[in-house]
Amino acid sequence: MAVDSLRSSRGRSFLTMFGIIVGIVSVVTIVSVGEGVKRSIAGEVDSLGSETISVLPGNQVERDDTGVITSYNPFQSIGYSLTETDLAEIKKLDGISEVVPFVRVSGIPQLEEEAQMPAADVLAVSGNVPQVLNQEIRFGTWLEEDSSSNRRFAVIGSSVAMELFNELAPIGRSFQVNDQTLTVRGVFAEFLQTSIAPVAPNYDNAVFVSYEENKRTSSNGQNIYQIIVDPEVTSEGDVVAERIQATLSSVRSGADDFTVLQRSDAVEAYSGILDLLTIAISAIAGISLFVAGVGIMNIMFVSVSERTGEIGVRKAIGATNTQILGQFITEAIVLSLLGGIFGVLASLLANYFLRLLTPIEPVILPEVMILATLTAFAVGVLFGTAPAIKAARKDPIESLRYRL
Amino acid sequence: MNNIIQLQDVSKLYGFGDATTVAVEDVSLQVRKGEFIAVMGPSGSGKSTLMNLIGLLDRPTEGTYLLQGKKVSRLSAWRRARYRRDRIGFVFQSFNLLATMTALENVALPLAYKGMTQTRRLKQAGNALERVGLADREYYYPKQLSGGQMQRVAIARALVNNPEIIIADEPTGNLDSVASRVVLELLSDLHKSGHTILMVTHNPELTRYATRAVFMHDGSIVADQNSDIGTVPNIAKKMYLKPQKTEEDDLEGVSALMDAVPQKNEKAAKKTKKSKKKSKAKKS
């Protein structure tokens, strides 16, 4: 019965629902975009491969009681560095398959013909870098641990290959860094751009040289800015990280001037921030639901006055106050519930277009859809009650005087 | 006692203090089962208020009302709604059909408040429509029906619950004489099949269908007369034949006033007098 009267004023019913639809679409879309971003971060982390552990100089993070990072400041590393001793101690630990120190070498790679690439980073490394970075060499091979050879080799990122040599695979060609000649031995495949480690150098722009060779030739001491550790068993990352933490603490006699980071730390920190952001924006979008509810209340009040005559007739032929109340509340609920359902459908559509037109991949969880529909229902009950009470309390004789 | 309706010193007052108006004053009325009562009286005489009280749309301020021997004058709104649903059918001057529903749905509406299933509801409503001769108009909307047809749908709605009492408040007020006769014939049929009918009307001619005429004035019953069906009761005849005040009377009064006012132009005054007399002569 309630539905009949809604059907008879379709245009107005739709306009009333529109507020609810907009509210539900905005909340659901924001939550789903948040969820999508969270998942894409987790996906990026997975694409980084094994659960590697980064050891960084300086105390860059603060953690809460549960170990989740609450603040991260990469500039805390300034003035600190990791040492050869640290490296040696870590290498002694159990359960580790690969330890790779990273040293930034100052210098600009250049060709003999004066072509140079100032944006490039020259990194001195040892160990299996392709393994810890989870990246394959596209052309050539990785540096061999062969310091007896006098010839110095380098593996370069794909951007360096294109910008310096203007070819994809300049294997065997030579270039110079700080007046030393290096021969290209391999070229990395293009790295995925990740948002997880904001200060990580762009490895496409990097020139990787031998750590041992750099140590031998460079006059100043080795300045290790990062040690990446790959645990033997992926699931034991936590244990290994704790061991490293303990070892370095004792090496440094308790000084807290280093940071041990796991991939999961980054995900947890990011999703924490993202959850907060999603809640904040959803709350703002939730205001539109409230406004929509007031809109429903307004329309229901208008409808009650307009249909005073109808209420009179219904009461005269035997409708009790409760039945009139029920009819109008049902109308409000049907309006807002339909709005909620249309809203969820519209957000599925919005989701589709977002995926189609933007790099964002929103994910609408079923529980979000159910919650949205329930919210719409609650809005109907909340804002439909007052007009319905007004309708139920109308005096039948007064009401019968109104024209139908 | 065979009285289906028994009013004892019933009064209905509106407003408070100095602004109090008495709509119905100390009315006592006994209605036997199966009576067809025509309630007459000038507007403002309390007819409609009395119908609302009898129809349990309202509660009397004072007095007692026994419906089928049960005291109903102080019932709660909920119980009165139940009584209206099960025992009383209403027919209004302006039909009061819901425009968004078909004739059939309109007739079925009282059954919905009884909690009947839709199939049974529509079946019973169909029977009621058949009874008023509109079986072929089930799916018409009110605006597609003539005034007479709308009133017949309204009558079908009033009788769909098979109520003991049917209250018709000026059912022919918006209808022409032909449609009025059809409606009255219908009410008469209902009367014959045992329903008790109370009908407010301004048309003394329609009291032919009634078994009793009640005349109200200033909230009180001033005359109450039984009559045979087919005859106009004396009281109604008296009203019908001797209207107490008409437009002509008013004009007469105005011209008398005009005469009383001293006029500069005597001729003009005489002229008016003459023309008045002429028109009076024409009338008679």
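**Salt bridges, helices and a nonpolar patch in a predicted complex**

Glu205(B) has a relative accessible area of 29% and is therefore partly exposed. In this predicted model, the side chain of Glu205(B) meets that of Arg208(B) in a salt bridge, with a distance of 2.4 Å from N to O. Arg208(B) is likewise partly exposed, because its relative accessible area of 32% lies between the limits of 20% and 50%. A further salt bridge of chain B is formed by Asp224(B) and Arg212(B), whose closest N and O atoms are 2.8 Å apart. This pair links distant parts of the chain, since Asp224(B) lies in strand β10 (residues 220–226) of chain B and Arg212(B) in strand β9 (residues 212–217) of chain B, the two residues being twelve residues apart. The partners are covered to unlike degrees: Asp224(B), at 40% relative accessibility, counts as partly exposed, whereas Arg212(B), at 7%, counts as buried.

Over all chains, a search of the whole structure finds 22 salt bridges. In chain A, Arg307(A), Glu310(A), Arg314(A) and Glu331(A) are linked in a network of such bridges. Within this network, Glu310(A) is joined to Arg307(A), the closest N and O atoms being 3.1 Å apart, and both Glu310(A) and Arg307(A) are buried.

Chain B contains nine helices and ten strands, and buried residues make up 48% of its 284 residues. Of the contacts in chain B with a separation of 6 or more, 67% are accounted for by residues 24 or more positions apart. The accessible surface of this chain comes to about 14,900 Å², and 51% of that surface belongs to carbon and sulfur atoms.

Two helices of chain B illustrate how its buried residues are covered. Helix α5 (residues 147–159) of chain B has 13 residues and reaches 19 Å from its first C-alpha to its last, close to the 18 Å expected at 1.5 Å a residue. Twelve of the 13 residues of α5(B) are buried, so that the helix is mostly covered; among them are Gln149(B), Arg152(B), Ile155(B), Arg157(B) and Leu159(B). The cover over the buried residues of α5(B) includes α9 (308–316) of chain A, together with β6 (88–91), α3 (103–112), α4 (118–131), β7 (165–169) and α6 (177–192) of chain B. Helix α6(B), with 16 residues, reaches 22 Å from its first C-alpha to its last, close to the 22 Å expected at 1.5 Å a residue. The buried residues of α6(B) include Ala179(B), Val183(B), Leu187(B) and His191(B), and what covers the buried residues of this helix includes β3 (36–40), α4, α5, β7 and β8 of chain B.

On the surface of chain A, Leu338(A), Ile341(A), Phe342(A), Leu345(A) and Leu348(A) make a nonpolar patch of about 410 Å². Phe342(A) is placed in helix α10 (residues 321–357) of chain A and, with a relative accessible area of 37%, is partly exposed.

The predictor gives the complex an ipTM of 0.81 and a pTM of 0.68. For chain B, the mean pLDDT is 85, and 83% of the residues reach 70 or more. Among the elements of this chain, strand β8 (residues 196–200) of chain B has the highest mean pLDDT, at 95, and helix α9 (residues 266–283) of chain B the lowest, at 51. Where pLDDT is low, the predicted coordinates should not be read in detail.

Technical notes:
Residues numbered from 1 in each chain as written. Chains lettered and ligands numbered in written order. Predicted model: local features only at pLDDT ≥ 70, side-chain atom pairs only at ≥ 80, totals over all residues. Heavy atoms only, no water. Patch = residues over 30% accessible without salt bridge, like charges linked within 9 Å, V, L, I, M, F, W, Y side chains within 5 Å. Areas by Shrake-Rupley, 256 points an atom, 1.4 Å probe, with all protein chains shown as cover. Salt bridge = Lys/Arg side-chain N within 4 Å of Asp/Glu carboxyl O. Helix = DSSP H or I, 4+ residues; strand = E, 2+ residues; numbered from the N terminus. Buried < 20%, exposed > 50% of the residue type's maximum accessible area, 1.4 Å probe, protein only. pLDDT = per-residue confidence, 0-100. Expected span 1.5 Å × (residues − 1). Contact = heavy atoms within 4.5 Å.
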